[in-house]
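Me: I have a structure to read and would like to go through it feature by feature. Can you take me through it?

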Amino acid sequence: MIFLECKVFIGSFLYLCMKKEKSVDFDLKKANFWDYNKISEIYGEGFSEPPYNEPWTPKTALKKIRLFAKYCDIWKIVYENRIVGFIIINPNYWFPGKFCFGEDIAIKKEYRGKGIAKEALLRIMEIYKKKGFKYFYGTSNNQSKAYKLWRSIGIKENKYDRTICKKLK
């Protein structure tokens, strides 16, 4: 895992630059309780794939989404009147109001490659910048497509923080 950091003002600049490209027409809305089943389905599918290979079931994925809902903002990505993805943002990370943390993002397989995740991340950074946040953080598996996505929008590895890990035997 790589720990990533982005000063939110960069997102604003990149968002404006992206608008010159062909924009994907989708809605980014706060999810509600009724959206959690669909979001958990996308969660389970996305994080069961390589490089994650996590053993998600519909029940465990829904439990995870409900846990996130207690302390995070869950955003649904709606394209062609369907929930095709989500972004989970923790606005309480480290110092609330200054740092926000991108917990997870996933797009249904058949909607990937359309620029939806990239555009959604740029919109999210703009939303949290307007709320007064100064930094956007996240972690990424350096073998994932998400890692390439983070890099493509100017989010870089942080010089100060590292994800640490020890296998428990």
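Reply: We go from the overall layout to single residues.

Reply: One point before we begin: this is a predicted model.

Me: Which secondary-structure elements does the protein have, and how many of each?

Reply: Start with the inventory. The protein has five helices and seven strands.

Me: In what order do the elements run from the N terminus on?

Reply: Read them along the chain. The run is β-α-β-α-α-β-β-β-α-β-α-β.

Me: How much of the protein counts as buried?

Reply: The cut-off is relative accessible area: buried means under 20%. By that rule, 49% of the 169 residues count as buried.

Me: What area does the protein expose, and which atoms supply 55% of it?

Reply: Here, look at the area and its atom types. The exposed area is about 10200 Å². Carbon and sulfur atoms supply 55% of that area.

Me: What share of the contacts comes from residues 24 or more positions apart?

Reply: Sort contacts by sequence separation. Take those with a separation of 6 or more. Residues 24 or more positions apart account for 70% of them.

Me: How many disulfides does the structure hold?

Reply: The test is a distance: two cysteine sulfur atoms within 2.5 Å. The structure holds zero disulfides.

Me: Is Cys72 buried or exposed? And is Cys100 buried or exposed?

Reply: Compare each value with the cut-off. Cys72 has 9% relative accessibility, so it counts as buried. Cys100 is at 0% relative accessibility and therefore counts as buried too.

Me: Now the backbone. Which residues does a cis peptide bond join?

Reply: Read omega. The cis bond joins Pro50 and Pro51, with omega about 5 degrees.

Me: Where does Pro51 lie?

Reply: Pro51 sits in the loop between helix H2 (36-48) and helix H3 (58-71).

Me: What is phi for Asn81?

Reply: Check the sign and the residue type together. Asn81 has a positive phi of about 60 degrees, yet Asn81 is not a glycine. Its place is in the loop between strand S3 (73-79) and strand S4 (82-90).

Me: Is Asn81 buried or exposed?

Reply: Asn81 has a relative accessible area of 78%, so it is exposed. The cut-off for exposed is over 50%.

Me: What is phi for Trp94?

Reply: Trp94 also needs the sign check. Phi of Trp94 is near 50 degrees, a positive value in a residue other than glycine. Trp94 lies in the loop between S4 and strand S5 (99-107).

Me: How does Trp94 count by accessibility?

Reply: Trp94 is at 45% relative accessibility, so it counts as partly exposed.

How values were computed
Residues are numbered from 1 along each chain as its sequence is written. This is a predicted model: local features need pLDDT of at least 70, side-chain atom pairs count only at pLDDT 80 or more; totals for chains, interfaces and linings use all residues. Side-chain values use heavy atoms; hydrogens and water are left out. Helices (H or I, at least four residues) and strands (E, at least two) are DSSP runs, numbered from the N terminus. Buried means under 20% relative accessible area, exposed over 50%, partly exposed in between (1.4 Å probe, protein chains only). Contact means heavy atoms within 4.5 Å. Accessible areas come from the Shrake-Rupley method with a 1.4 Å probe; for residues, only the protein chains shown count as cover.
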